[in-house]
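Visitor: Hello! Could you walk me through this one, step by step?
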Amino acid sequence: MSAGFDITSLNKAQREAVMCLNGPVLILAGAGTGKTRTVTCRMSALLENGVAAENVLAVTFTNKSANEMAERVIDMVGKKRGKALTVCTFHSLCLRILKRDITALGYRKKFAIMAGGDQTGMIRQLIVRKGGAKINLKPGEVMSEISKCKSAGKPLTSIQDDLVAEIAVAYQNELRAQNAIDFDDLLILGERVLREHADVRAYWQDRFRFVTVDEFQDTNGLQMQLLQQLVAAPYNICVVGDDDQSIYGWRGAEVANILQFEKFFPDPKIIRLEENYRSSQAILEVANGVIKNNTGRREKELRYTIPGGDLVRLVSMPGDKEEADWIVTEINSTREDGRVLEDFAILFRTNGQIRVVEESLREAKIPYRMVGAQSFYDRKEVKDILSYAQVIDNPDLDLPLLRVLNTPPRGIGNTTSMAAVEWSREKDQGIWKTLTDEDFLAQLSTKVVTAIRSFIEQAEKARRRIVDGENAGVVVNEWLIEMDFIEWLMRQCKTDKEKDTRREAVSETVASITNAIKKGKSLGDFLDRAALDTDRDDDLDKKSGVTLITLHAAKGLEYPVVYLVGLEEGILPHKRSVEEGTRDEERRLLYVGITRAKERMTMTYCSTRVKWGKEEACEPSSFIPELKEDWIQEEDYDDIMGAEASDDELRGFFSGMAAMLEE
Ligand code: ATP
Ligand code: MG
């Protein structure tokens, strides 16, 4: 029997939250006050009070935080009891629900998830098909229109622009025809199947009798409705959040959910936590000074427990290359004080800022890991490999099958694929079935038939080997070798650098499948997680090194030393926020960024920055005047470097003198 959680590690208000196991609980508190620690202890308290782990669900914002929370609870209550807990994101919760119950909504049981590049590709095709090749519509914009409309529960025909509406309808039909769903559908169908089917609802309500939601401020209307379907009287639901850290307004998150919790779940116990255990006083003073400028927020206490601390530094830089190099040099020299690379995080507002820092880190041979930028699983070569794995795991999924049918080219061209799609529609069957359908094959040339047969045979061989117990990673890898995948991929690369990254991505993907299987996961589980991955995680994230992370992805995390780069007008606040009137949300992002730091916080801004290959002048962020002067130390790159240079010169001068005297 493990020790359980240590009640003395909690303050009075936290203990109160941990003890209150029944009925609705709302924990409303500022950054770093131990919200996550409290709900984690609360989950272990549930288990210690005899609640079965199967009945406990915790919803978090990223897979990464879900993993961390699950690990912490397991540490407290032991593997045996902890393992059966469900700790996941809203999307993976819905995936679970739909895997069991999607047939109630008329879908076939085995469905595919359409996301990332596949989704953009499909939209791009539809734009051309419906609007002609000359039409100037960006797939990303169309996608976000569709997503907004779907999440708001409105019919796609209500989209104002006629062409976009037409594309949206075609897109949805196409998904439906392929028995595929996108990320929005996951939530929409998850909620719908609970709402429309009493038996399904009863099953899941009974399954998850105790529900916890971390980062509740970022739930949107649909997620709130899902919770209402899932949680029945006596409403054993505990939510924690901080309205000052609501940073997903652009995705439809509604702070109203937290501010009006009482409306949805009656008579909640409301608990406030007011002591910050994470950051030094200096860091907190600056954070509080910034967030105070937001209007319409709930005033709340946030007191430091670690007095004083190093002043927060604000450093002006001539350009982004200097910014990156300076940080890297500093990390290198601070390491000598006994810090490890994992202590450092570099925070960004936009993906465009990351490349130059990556470059400096590489030059200095400092390992790093990246979180929240372009999803690893969305890279083309990674997608290809995962699709191969999917074809092996589940040949009934049309999407991955179509993706790899002629990748690398094996003589099954577009015309054949289209014919297979048409045939499958007519017969109402999957593409795999069509490809093995003698009537279909009879109309093709012998050459094409041979190519198809050989592909099917290879896939079946791979499937048999896995069924016989071989590691799927090894099997996939051997198939890739057999088809000369790497050679084909290398031929598409323009530079040696591109070759290296893509080759690395291939071996990382294969390795992550192999490791997952070694750890006892099934290939299907692994693929589900990869499909839902929005913030590269799993084994890949366990890589050590400095963390490069977007402000959005940094939520909930903490690091001893933090650099926030690019505190410039147009970056933070982002230029879109001016047009869209979301300056307050940008300020919350800055607040989230500052409150990630435990000991040392440095913010930098540049006079010039290279954008799209062109050097552009930059203005300091209009948030800078909001930083509390008493707790800020301003520095200038030229002064710092100048001082160092003259030291060196002096040393050079004296050693020269000494040398002369010795002669
Ligand atoms: P965020 O708003 O960023 O999500 P949070 O409120 O969830 O923060 P935690 O991450 O749970 O805060 O805790 C912040 C830090 O404070 C952690 O390092 C945690 O271990 C520590 N901590 C929490 N409660 C206490 C306590 N009572 N005594 C000492 N340290 C604590
Ligand atoms: Mg937290």
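Guide: Gladly, and let us begin with a term: a charge sits over a ring if NZ of Lys or CZ of Arg is within 6 Å of the ring centre and within 35 degrees of the ring normal. Please keep in mind that this is a predicted model.

Visitor: Which residue lies over the face of Trp432?
Guide: For an arginine, the atom to look at is CZ, which has to be within 6 Å of the ring centre. Here the distance from the ring centre of Trp432 is 4.8 Å, and the residue lying over its face is Arg463.

Visitor: Over which ring does the charged end of Lys555 sit?
Guide: For a lysine, the atom that counts is NZ. The charged end of Lys555 is 3.6 Å from the centre of the ring in question, and that ring belongs to Phe61.

Visitor: How many aromatic pairs does a search of the whole structure find?
Guide: Two rings pair if their centres lie within 6.5 Å. Searching the whole structure on that basis gives a total of 10.

Visitor: Is the pair of Phe216 and Phe261 stacked or edge-to-face?
Guide: The two ring centres are 5.8 Å apart, and the planes meet at 90°. Planes over 60 degrees apart have a name of their own, so the pair of Phe216 and Phe261 is edge-to-face.

Visitor: How many residues apart in sequence are the parts that this pair ties together?
Guide: Phe261 belongs to helix H13, while Phe216 is in the loop between strand S6 (210–213) and H11. The pair therefore ties together parts whose separation in sequence, in residues, is 45.

Visitor: Is Phe261 buried or exposed?
Guide: Buried means under 20% relative accessible area. Phe261 has a relative accessibility of 0%, so it counts as buried.

Visitor: Which residues do ring pairs link into a cluster?
Guide: Phe261 also pairs with Phe265, with centres 5.4 Å apart and planes at 40°, so that pair is tilted. Tyr235 belongs to the cluster too. Together, the linked residues are Phe216, Tyr235, Phe261 and Phe265.

Visitor: Where is Tyr235 found?
Guide: Tyr235 has a positive phi of about 50° although it is not a glycine. At 27% relative accessibility, Tyr235 counts as partly exposed. Its place is the loop between helix H11 (221–230) and strand S7 (237–241).

Visitor: Is the peptide bond from Thr407 to Pro408 cis or trans?
Guide: Pro408 lies in the loop between helix H18 (398–405) and helix H19 (414–427). The bond leading into Pro408 from Thr407 has omega near -10°, and it is cis.

Conventions. Residues numbered from 1 in each chain as written. Chains lettered and ligands numbered in written order. Predicted model: local features only at pLDDT ≥ 70, side-chain atom pairs only at ≥ 80, totals over all residues. Heavy atoms only, no water. Helix = DSSP H or I, 4+ residues; strand = E, 2+ residues; numbered from the N terminus. Buried < 20%, exposed > 50% of the residue type's maximum accessible area, 1.4 Å probe, protein only. Phe/Tyr/Trp six-rings, centres within 6.5 Å; stacked < 30°, edge-to-face > 60°.
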